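Colleague: I haven't looked at this one before, so could you take me through it slowly?

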Amino acid sequence: MLTPQLARRLLVAFVIIVPAYGYVGFTNFIRWQRGRETIQSAVPIKVAIIESGIETRTGSFGRTFYAPRIRYAVRTPDGSYIARRVTPLDEAYTEGWARDIAERYRVGHVEPAFAEKGDPAQARTFLVPELGLFFYWTLAVGAVVFGALALIWRRAYPAKQ
């Protein structure tokens, strides 16, 4: 049985966890919102694919993520430059997700891409106009944290009959 003393100790832990989650949730929301704005304001361009593959990235907790490694040439009025951004936020996920994108872009093909508005020589470009699920995972974790807090509170202080 959950005693009021244990519940108070757990609530102290939540006093630390909830503000930390709030910070992570807020920064992820801002990042997600910037990505949406980038997609909405982007202009279509054509790029030439010069490299296509998969790279691994290690997350902050040692977990391995996979990202498509695609290099492409972007033509500008002053010449061309090589870019590598695949999604607006340069995400990494599962190996299957990365492989699907890498297989979609074949070396030597000219493909549609997107560039941020502004000077074409300095505009950031990307190939896939979509955002990943990181923001939704953040929301799910928040729901679990707040659900656990409510469960602990209810078990520690049951309704009087």
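Modeller: One term is needed from the start: with a 1.4 Å probe and the protein chains only, a residue is buried under 20% relative accessible area, exposed over 50% and partly exposed in between. This is a predicted model, in which local features need pLDDT of at least 70 and side-chain atom pairs count only at pLDDT 80 or more, while totals for chains, interfaces and linings use all residues. Residues are numbered from 1 along each chain as its sequence is written, and side-chain values use heavy atoms, with hydrogens and water left out.

Colleague: OK, which residues of E4 are on its covered face, and which on its uncovered one?

Modeller: The covered face of E4 is made of Glu111, Ala113 and Ala115, whereas Val110, Pro112 and Phe114 are on the uncovered face. The name E4 refers to residues 110–115, and such labels come from DSSP runs numbered from the N terminus, where a helix (H or I) has at least four residues and a strand (E) at least two.

Colleague: And in what order do the strands sit in the sheet?

Modeller: The order is E3-E2-E1-E4-E5, in an open sheet of five strands with antiparallel pairing; two strands are taken to pair if DSSP finds at least two bridges between them.

Colleague: Why do E3 and E5 each have one side without a neighbour in the sheet?

Modeller: E3 and E5 (125–126) stand at the edges of the sheet and have a single partner strand each, so one side of each is left without a neighbour there.

Colleague: Let's go along the pairs, then. How many bridges are there between E1 and E2?

Modeller: E1 and E2 run antiparallel and are paired over eleven bridges. Within this pair, Thr56 is opposite Tyr66 of E2, and Ile54 has Pro68 of E2 as its bridge partner.

Colleague: What links those two, E1 and E2?

Modeller: E1 and E2 form a hairpin, with five residues between the strands, and in the turn Gly62 has a positive phi of about 85°.

Colleague: What about the other side of E1, where it pairs with E4: how many bridges there?

Modeller: There are six bridges between E1 and E4, again in the antiparallel sense. Val43 faces Ala115 of E4, and Lys46 has Pro112 of E4 as its bridge partner. From the faces of E4 we already know that Ala115 belongs to the covered one and Pro112 to the uncovered one. Ala115 also stands opposite Thr125 in E5, where E4 and E5 are joined by two antiparallel bridges.

Colleague: And how do E2 and E3 pair?

Modeller: E2 and E3 pair over five bridges in the antiparallel sense, and they form a hairpin with two residues between them. Arg75 is placed opposite Ser80 of E3, while the bridge partner of Ala73 in E3 is Ile82.

Colleague: Different topic: is there anything odd in the backbone, and what is the phi of Asp90?

Modeller: Asp90 has a phi near 55°, which is a positive value in a residue other than glycine. Most residues other than glycine have a negative phi. Asp90 is in the loop that lies between E3 (79–83) and H2.

Colleague: Now the inside: which residues of the largest nonpolar core touch the most other members?

Modeller: They are Val47, Ile49, Ile70, Tyr72, Ile101, Tyr105 and Leu127, out of 23 residues in that core. A nonpolar core here is a set of buried Ala, Val, Leu, Ile, Met, Phe, Trp, Tyr and Cys residues joined through side-chain atoms within 4.5 Å. H1, E1, E2 (64–76), H2 (95–104) and H3 each give two or more residues to this core.

Colleague: What is Ile101 in contact with, leaving aside its neighbours within four places in sequence?

Modeller: With those neighbours set aside, Ile101 is in contact, meaning heavy atoms within 4.5 Å, with Pro68, Ile70, Val86 and Val128.

Colleague: One more helix question: is Tyr21 buried or exposed?

Modeller: Tyr21, which is in helix H1, is buried, with a relative accessible area of 17%. Apart from neighbours within four places in sequence, Tyr21 is in contact with Thr138, Leu139, Val141, Gly142 and Phe146. From Tyr21 to Arg84, 63 residues apart in sequence, the distance is 31 Å, C-alpha to C-alpha.

Colleague: And Arg36, where is that found?

Modeller: Arg36 is also in helix H1, but Arg36 is partly exposed, with a relative accessible area of 32%. The C-alpha atoms of Arg36 and Arg57 are separated by 24 Å, with the two residues 21 apart along the chain.
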